[in-house]
Structure formats: C-alpha cells, structure tokens
Amino acid sequence: MQSLTISPPDARFRPKVPPPLREPLGLFAFLRAARANPITTWMEDHFTAPVVAGEGAMGRVTVVSDPDLIRYLFVENARNYRKDDLQRRVLAPGLGNGLLTAEGDEWRLQRRTLAPIFNARTVEGFAPAMNAAGARIARRLARRDGMRVDVALEMTRATLDVLERTIFTHGLPSDPDALGRAITRFLEAVGPIDPLDVFGVPAMVPRIGRLRARPAIRFFAEVVDALIDRRRDLMEAGAAPQDLLTLLLAAQDPETGKGLTDLEVKANIVTFIAAGHETTANALTWALYCLSQDGAARARLEAEVDAAAGQDGFHYPDLPFTKAVMEEAMRLFPPVPFMSRQAIRDDRIGRIKIPRGSLVMVAPYVLHRHRTLWDDPDAFVPERFLGPARQSISRYAYLPFGAGPRVCIGQSFSLQEQVILLAHAVRAMRFTLPPDHAPVTPLHRVTLRPEHGLRMQVERRG
Ligand code: HEM
C-alpha cells in the first residue's frame, strides 16, 4: 500500500458515492439496480477482498481486484479471455467491427495496423489542435462570465472539438453540435444494460434502446462516408492534411503491408469518437468538481497553469500537477467503471476456479477504492500521482485505461488532451458549485457521469 505525508486527513475532500451493499440483492432488485445505476450493486466484499466469485443474474461472475491476479488475467493468460458477449451485444451494433469490439485475428491485424497512429510522436503532433480547442472553450466560458454553465456539456463540446480537429482537419460538413447531440443520444440509448442482453436473447429480437439509437448510427455513417470520399480525392492530389483520417486511410499492417478496408476505417472513426469523447469529457468534469471542493488543490493548479501558459497555449510536460489532478479524478471516477472478459477454456485465477464461458471482471471503480491498495481511498489527493508516491502505485492497481494487449490505444492522446484542456479552462475561469446544487453523485451509463449533471458558476480569473 502507498503511504502519503500530505495535507491533514480531515482537510481532504471525500466525494459522496453510493454506499456499498452489505447483503446481496435478490434477482429482480439486482436487475433493477443494474439497469438504473450499476455502481449501486457493488458490495462491501468487493472493496476488501482480492477476488469475489459468485453466481448471479449473469451466471458465474468473478471480480478480480488483486494486482498480481489482474496481471495474470490481462497479460500472462490474456489469450484465454475474450471480450464477453454482453459487451459485444451492447457496443457492436453502434461501433461495427472497430478495434474496441473486434476479436481474434481481426483484432490483432487492426491493432498492429493502428498502433503507429497513436505513438508518442504522432500524439505530440496533435498538441496544437488540442491547444486550439482549449483556447476556444476558454473563450466560450469567458463569454458566460458570472453565469451557471453545464460543465459536462461544455467539456463534451471541447473533447468533440479536439476529435474533429485531429480526425477531420477540415471539419465536418455539418453543425458540430448536431454530431455531439447524435453521439450523446446514441450512448444514452445503448447505455442502460438491456435485460434482453443479460439473458442472451437473440439479437434478432429488437431492443427498444437500439431502435432509438438507429438514426444516430445512420447519421454517423453518412457523414463519415462523405468525409472518406473527399479525403481520398485530397490524398490522390497530394494535398491531404496529416490528421487521423489520412493516417487511417494510409495505415498498413507492418507484417503484410495491407491497409484497412473503408468499412474498417469507418468503424474505427466511429469507435474513436464514441470511445474517446465522453470518457475524456467525464474525466474533466469530475476533475473540475473535485477542484471546486478542494481550495488547496485548486490554488496549486492555478499557480501551475499561470506559470506555464505560453503564446501558443500549453506544453504538456510543463504541467505535472495538472496531470496528477486528472489521474486522481480518474481514480475516484474512472470513466470506464468496469471491464469484463469471458473465459475461453477452464482456468484458475489464484485459488479460484474459472469455468469455461464464465465472466471475469476487473472494475476500476472498485479497484481504485480498494481498502487494501490505497491509503484513504475515498479522498481526493492528487499528490498520490506525484514523484515517489506515483512510483509506489502498482501498475495493476490503477487501470483507468485497462492493461495488457487490449489496453486503451488512445491513452496518451487522452491524457495529453485532458491536461491541455484543463489547463486552458482553469487559466481562464474559476468554477464554483452553487450551494443549492443537487447532490453530485456518480451514475454509471457506459461511462461514469454526475447523476444530476454539474451546473457550476464560472467567474473570469484576473
Ligand atoms: C479518459 C479517456 C479514456 C478512457 C478512461 C479510456 C478507457 C479505455 C479502456 C479501459 C479500454 C480497455 C477496455 C477493455 O479492456 O475492455 C479502452 C480501449 C480502447 N480505447 Fe479508450 N479510453 C479513453 C480515451 C480514448 C480515446 C481518446 C480513444 C481514441 C481516440 C480511445 C480509443 C480506444 C480504443 C480504440 C480501445 C480498444 C483497444 C483494443 O481493444 O485494442 N480511448 N479505453
């Protein structure tokens, strides 16, 4: 366990979250809770035991929260585990066979082909686009000086702006807010876990949520088709910008030299937007909330961004405390609250038997607040992620981006983006939670967001 010597414990901010359950819920109560807000179904045992196995509505489920056993699951024996049917049923209708939902050889080929697109140098090259989006959101917020703004919405706007600037340099041929609304509608529609999926009812039985998502899915597909056509023309003329779309269209498997089909390019664009914008926006939203409740952290962050601000915005390596704030926000409120896998063959995780076909879960929401792994687990303490304290965190105890071969491909992209956007927002404005605001508690809808939204007062700084 890491040990910390920083601000006195009673001065720390401990955000309100649903209390873990003492007793297991009955089947119908469980299904109701899982649909309304899955994080309310975690039990006290999950936060104290290294492994919890049990029979439930989804058959046998084993929740693993021991760093060594997680390494075994995600790395050493990763080949024995596939993304489970539940995840595929929930995500695949919207994302097609992009990297997030592909399996087996198809996934391996796509991952090899896409890896260079997210390497350190390419991601660094996106910093100007991220700074431009940061400057834009700062200007937008400054125009709302003294007003209450929907922080989650503003952060979603900013992360979509980053994706537009990095995927499609020339912008979408439509109102950017319309795309944002379509994506949000899509995630809302597929977000709640459908009991039909839990019970493995065949895909041909229509799900109400899925039907609602159809126009949003069609909208994506049409816009992206038009963009690919235009971009191929530009590439042939040697006039294409070096953004993610060009990189995707030009990507080649280093082993076979083969490129992606148009369908794969499209599926991955949709995947990057869906996997990358709300996750990152929610991380920023939670960070701004935590900062509004911790005056010392806010003052330290303001001092850092004031000193680091340059003509062209911010340089990511100059902002270590800003990064620590984001990492701590993702510890308390991991945008992907759980990951699940299905065993291909019988296995054993530690002393626990894993029957073929059963589900194994790693839940960052549980792992990041596990009583045996963290000092004062429910407190907001960004300093955990600085200097020697950071080194003492086990690689497999902190997994906002997952681990092993299926680790988030957009991890460095997102971290750099979060830090640059937060720096712009905090440099320009101060965010305060009005005293009459509804309680700010997490709601699990694919990602983790504030249940009643987050409407904060913004004030221009300086
Ligand atoms: C705060 C932001 C983000 C978080 C917390 C996050 C989290 C994750 C996690 C936990 C996984 C692994 C899921 C599993 O193992 O079951 C994942 C995979 C993935 N993420 Fe992210 N992600 C974020 C941002 C992004 C961005 C910005 C992009 C793209 C631009 C992206 C694209 C992907 C893709 C394509 C995969 C699938 C990788 C594979 O299976 O090979 N993510 N993400």
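## A tour starting at the iron

Select Cys408 and the iron atom of the ligand: the SG atom of Cys408 sits 2.3 Å from the iron and is its only protein donor. Keep in mind as you click around that this is a predicted model.

Stay with Cys408 and show the backbone on either side. Cysteine 408 is in a loop, with helix 16 (387–391) before it and helix 17 (411–428) after it.

Now pick out everything surrounding the ligand. You should have 28 residues, with Trp107, Arg111, Arg341, Arg406 and Cys408 as the closest. Colour them by type and you get 16 nonpolar, eight polar and four charged residues.

Where does this shell come from? Helix 4 (104–114), helix 12 (262–292), strand 5 (339–343) and helix 17 each bring at least two residues to it. Highlight helix 12 next, since that's a good one to look along: its six residues are the largest share of the shell.

Next, zoom in on the oxygen atoms of the ligand and try these three selections:

- Arginine 406: a polar side-chain atom is 2.9 Å from a ligand oxygen.
- Lysine 83: here too a polar side-chain atom faces you, 3.4 Å from an oxygen of the ligand.
- Leucine 99: this time look at the backbone, where an N or O atom lies 3.4 Å from a ligand oxygen.

Finally, zoom out to the whole protein chain. Switch to a cartoon and you'll find 17 helices and twelve strands. Of the 462 residues, 54% are buried. Turn on the surface: its accessible area is about 20,200 Å², and carbon and sulfur atoms account for 54% of that.

Methods. Residues numbered from 1 in each chain as written. Predicted model: local features only at pLDDT ≥ 70, side-chain atom pairs only at ≥ 80, totals over all residues. Heavy atoms only, no water. Helix = DSSP H or I, 4+ residues; strand = E, 2+ residues; numbered from the N terminus. Buried < 20%, exposed > 50% of the residue type's maximum accessible area, 1.4 Å probe, protein only. Areas by Shrake-Rupley, 256 points an atom, 1.4 Å probe, with all protein chains shown as cover. Donors = N, O, S within 2.8 Å, 3.2 Å for Na, K, Ca; no water. Near = heavy atom within 4 Å. Polar contact = N/O pair within 3.5 Å; in protein donor to acceptor, adjacent residues only side chain to side chain. Nonpolar A, V, L, I, M, F, W, Y, C, P; charged D, E, K, R; others polar.
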